[in-house]
Amino acid sequence: MPFAEPGTNGRWSMASKSERTRQRIVDAANQLFYRKGYNRTSFSDVVEAAEVPRGNIYYYFKTKDEILRAVIRSRLETIRNMLAEWDRTIAEPLDRLERFVRIMYDSTPVLLRSGCPMGSLNTELAKDQPELQLEAKQLFDQFQTWLARQFTDLGYPDEARELSLQLMARGQGLIVVAQVYQDPGFLERGTRELNRWLEELARYA
């Protein structure tokens, strides 16, 4: 889930030992970058969390930036698979949009602790690492493109991009305020309001 705590990826169960080791490093870094932040996570932190010898990690990644790029690719794949599953299993665009909103409510505990993994990473990198932030922006771009398609199918082709940005912005704002005040009720009420907004759009499309 995009707003939930990043986890491990089970697709490597049949992979080679080298591939599994590399993925273990990426999974460990994914968790650390989310919980601690990219800049506060050291190479040593990743080595310890991944439980690999320090010398081995340099075989796969020469710099922490390379690890971050691998983390972003892993997150993009997770999001891509999730959205494809929603497209396959949810028939109506309104229901898909409401499923997007629901992931915020479903992920309340980790959002209150660490914020949105997409938003926090982009905010951190935008301060002084613009090239890396452009790569992390792909996480938002992937959702924005998918959301715009749902709004188009809902009956708003001309406004689809703007509506998709509004939905993401309102969701990010809810997460930030709920985390600041440690208020799960605020997040719950906010997601209900987003659903009412979406249902009103569907009614007048």
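**Figure 1. Leu121 and the residues around it in this predicted model.** Setting aside residues within four places in sequence, Leu121 makes contact with Tyr38, Leu68, Ile72, Arg75, Ala136 and Leu139. Leu121 itself belongs to helix α7, which covers residues 117–128. Is Leu121 buried or exposed? Its relative accessibility is 4%, so Leu121 counts as buried. One of its partners, Tyr38, deserves a second look in this view: Leu121 and Tyr38 are 83 residues apart along the chain, yet their C-alpha atoms are separated by 7.3 Å.

**Figure 2. Phe61, in the loop between α3 and α4.** If you have just come from the helix in the previous view, notice that here we are looking at a loop residue. Phe61 has a relative accessible area of 2%; the cut-off for buried is under 20%, so Phe61 is buried. Which residues does Phe61 touch, not counting those up to four places away in sequence? They are Arg22, Ile25, Val26, Phe43, Glu66, Ile67 and Ala70. Take Arg22 from that list: it sits 39 residues from Phe61 in sequence, and the two C-alpha atoms are 8.8 Å apart in space.

**Figure 3. Helix α2 and what covers it.** Helix α2 runs over residues 43–50, and its buried residues are Phe43, Asp45, Val46, Val47 and Ala50. You may recognise Phe43 from the previous legend, as it is among the residues that Phe61 touches. What covers the buried residues of α2? The cover includes α1 (17–35), α3 (54–60) and α4 (64–89). Straight after α2 comes Glu51, a residue with a positive phi, and that residue has the next view to itself.

**Figure 4. Glu51, in the loop between α2 and α3.** Here is a backbone detail to check in your viewer: phi of Glu51 is near 60 degrees, a positive value in a residue other than glycine. Is Glu51 buried or exposed? With a relative accessible area of 68%, Glu51 is exposed. The cut-off that matters for this call is over 50%.

**Figure 5. Gln182, in the loop between α9 and α10.** Helix α9 spans 160–181 and helix α10 spans 184–204, with Gln182 in the loop that joins them. What is phi of Gln182? It is positive, about 50 degrees, although Gln182 is not a glycine. Gln182 has a relative accessibility of 47%, so Gln182 counts as partly exposed.

**Figure 6. Gln142 in helix α8.** Helix α8 covers residues 130–154, and Gln142 has its place there. Gln142 counts as buried because its relative accessibility is 18%, while the limit for that class is under 20%. Which residues does Gln142 contact, leaving aside its neighbours within four places in sequence? The partners are Leu76, Ile79, Arg80 and Leu83.

**Figure 7. The two annotated stretches.** Two UniProt annotations, both from an unreviewed entry, can be placed on this chain. According to the record, "domain: HTH tetR-type" covers residues 19–79. In the model, that stretch is 79% helix and 0% strand, and its end C-alpha atoms are 21 Å apart. The annotation "DNA-binding region" covers residues 42–61 in the record. In the model this span is 75% helix and 0% strand, with 13 Å between its end C-alpha atoms.

**Figure 8. Stepping back to the whole chain.** After the close-ups, here is the setting they share. The protein has 10 helices and zero strands, and reading along the sequence gives α-α-α-α-α-α-α-α-α-α. The radius of gyration is 18 Å, close to the 17 Å that the globule rule gives for 205 residues, so the protein is as compact as a globular protein of that length. Its C-alpha trace spans about 60 × 40 × 30 Å along the principal axes. How much of the protein counts as buried? The share is 50% of the 205 residues. Among contacts with a separation of 6 or more, 69% come from residues 24 or more positions apart. On the outside, the protein exposes about 10,700 Å², and carbon and sulfur atoms supply 51% of that area. As for charge, there are 29 positive and 29 negative side chains, and the centres of the two sets lie 6 Å apart.

Conventions:
Residues numbered from 1 in each chain as written. Predicted model: local features only at pLDDT ≥ 70, side-chain atom pairs only at ≥ 80, totals over all residues. Heavy atoms only, no water. Helix = DSSP H or I, 4+ residues; strand = E, 2+ residues; numbered from the N terminus. Rg over C-alpha atoms; globule rule 2.2 N^0.38 Å. Buried < 20%, exposed > 50% of the residue type's maximum accessible area, 1.4 Å probe, protein only. Contact = heavy atoms within 4.5 Å. Areas by Shrake-Rupley, 256 points an atom, 1.4 Å probe, with all protein chains shown as cover. Lys, Arg positive; Asp, Glu negative; His and termini not counted. Charge placed at Lys NZ, Arg CZ, Asp CG, Glu CD. UniProt positions renumbered as here; feature names shortened; annotations may be inferred.
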